[in-house]
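Me: I am new to this structure, and I would like a close look at one part of it. Please take me through the aromatic rings and what lies beside them.

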Amino acid sequence: MPATCVIGLQWGDEAKGKLVDLLAPRNDIVVRYQGGANAGHTVVCGKEVYKLHHVPSGILSEGIMNVIAPGVVIEPNMLIREIEGLEARGVNPRKNLMISERAHVVMPWHFVEDKATNKAVVSGESIGTTNRGIGPCYRDKVGRTHAFRLADLLSDQMETKVRETVAAKRAMLEPIADPADLETLVADKIIEQCKAWNAILGPLSADTTNYLLDAVDEGKKLLMEGAQGSLLDIDHGTYPFVTSSNASGVGVSSGSGVPARWITNVIGVAKAYSTRVGGGPFPTELLDATGQKIRDLGREYGTTTGRPRRCGWFDAVAVRYTARLSGVHYLSLMMMDVLSHFDEIQVCVAYDVDGERVTKFPCSAEVLRRCKPIYETLPGWNTDVSGVRKLEEFPANARKYIDRISELISVPVGVLSVGPDREQTIFLI
Ligand code: IMP
């Protein structure tokens, strides 16, 4: 099986990092292929907690190569902090991390632009980005004229390109940006910063596309680590309340350069309930004490921004859609322990849209906003399952819940998680 993919099926934060960390030793190379520092992966290893934003979660496993592929947008300061933070704790990413020269770089003006546009209202609400410059960087990537790839930072044309781009960006941003933020865009300062970045990132840069194509030809096993979740996919998610990359399974090939014929195993990751950060429609959102209970029990606060996450019941309409979209073979159902203390648990099985029962996830955020969840009520298990280590040890009602979700989304469950630690994971595959 050359390539296994770990894909989020909801709005991100599905605990994909934990799964990647566990699957990494079964593979030769772990690949991050989209998103950037908007992602925050928490990996718990014994008493150590690692928060990773760019570096693939396989970095903690000995002897595995970790690749940041062309589809990722790199925020150099944050990436360097991650590398140095790992080194301070005895992990040496310089020997097993490779960054694509084709990957785009989030430059200082992208932060200014993200901040200036983040509050803009689209479809009646602001997107509420992570303020990491992600949208503006991808916008420039597609626009091409002002884009910086890692190769551009390393080129001897870097200084000229920075000077031209700073002049152009200052003129463009002047009408919308905070004047104090604009003042930070000084070419000489940015050039010095680029040189400092190059000294650290230059030795790690490589042609990862050919490296991965050679690797699959040689029969090496790849693990593709998705960031965010399928409902945030730029083309197939709850647009415009999405991120700027293909966060569903469809993004694996374009972001990594590994053709679809090598992708043989897709694991879709979903929480046993739903969360969302930022704006946008969320049919099963609970704005009551139950929502707060899920938030408290699940410690649902953003890894990257610290924002409280919006919480709600499991949405089988949405996850059935994203599991199909992402070509999922197995479901990994996470955070089962968070639902340990409920008398009843609801699962959304259809939407009521203006009096009509709908089971297909709608295209439009406007329609999604009008969707009222139609729930099926399942009995809770009211038992702490964080110590469960085998499927048979789950209480009967928890087994019923797992089976019902699997049935609703038509995908077998391959992994169950009952807590943040590595050993709190039950592999059925
Ligand atoms: P951006 O990716 O920073 O542009 O943010 C766009 C939307 O995606 C916002 O609603 C963010 O909260 C959301 N988002 C981006 N990255 C993540 C993530 O890793 N987890 C959860 N939500 C995310």
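Reply:
**Rings and their partners**

The charged end of R89 sits over the ring of Y50, at 4.3 Å from its centre, where sitting over a ring asks for NZ of Lys or CZ of Arg within 6 Å of the ring centre and within 35 degrees of the ring normal. This is a predicted model, in which local features need pLDDT of at least 70 and side-chain atom pairs count only at pLDDT 80 or more, while totals for chains, interfaces and linings use all residues. Residues are numbered from 1 along each chain as its sequence is written, and side-chain values use heavy atoms, with hydrogens and water left out.

K293 likewise lies over a ring face, that of F342, 4.2 Å from the ring centre. F342 also takes part in one of the 6 aromatic pairs in the structure, which are Phe, Tyr or Trp rings (for Trp, the six-membered ring) with centres within 6.5 Å, called stacked when the planes are under 30 degrees apart, edge-to-face when over 60 and tilted for the rest. Its partner is W313, edge-to-face at 5.7 Å centre to centre, with 70° between the planes. The two rings belong to distant parts of the chain, 29 residues apart, and each sits in a loop. W313 is buried at 6% relative accessible area, as is F342 at 6%, with buried meaning under 20%, exposed over 50% and partly exposed in between (1.4 Å probe, protein chains only).

Y321 and F361 make a stacked pair, 5.2 Å between centres and 15° between planes. Y321 is partly exposed at 24%, whereas F361 is buried at 11%, and together with Y351 these residues form one aromatic cluster.

Technical notes: Helices (H or I, at least four residues) and strands (E, at least two) are DSSP runs, numbered from the N terminus.
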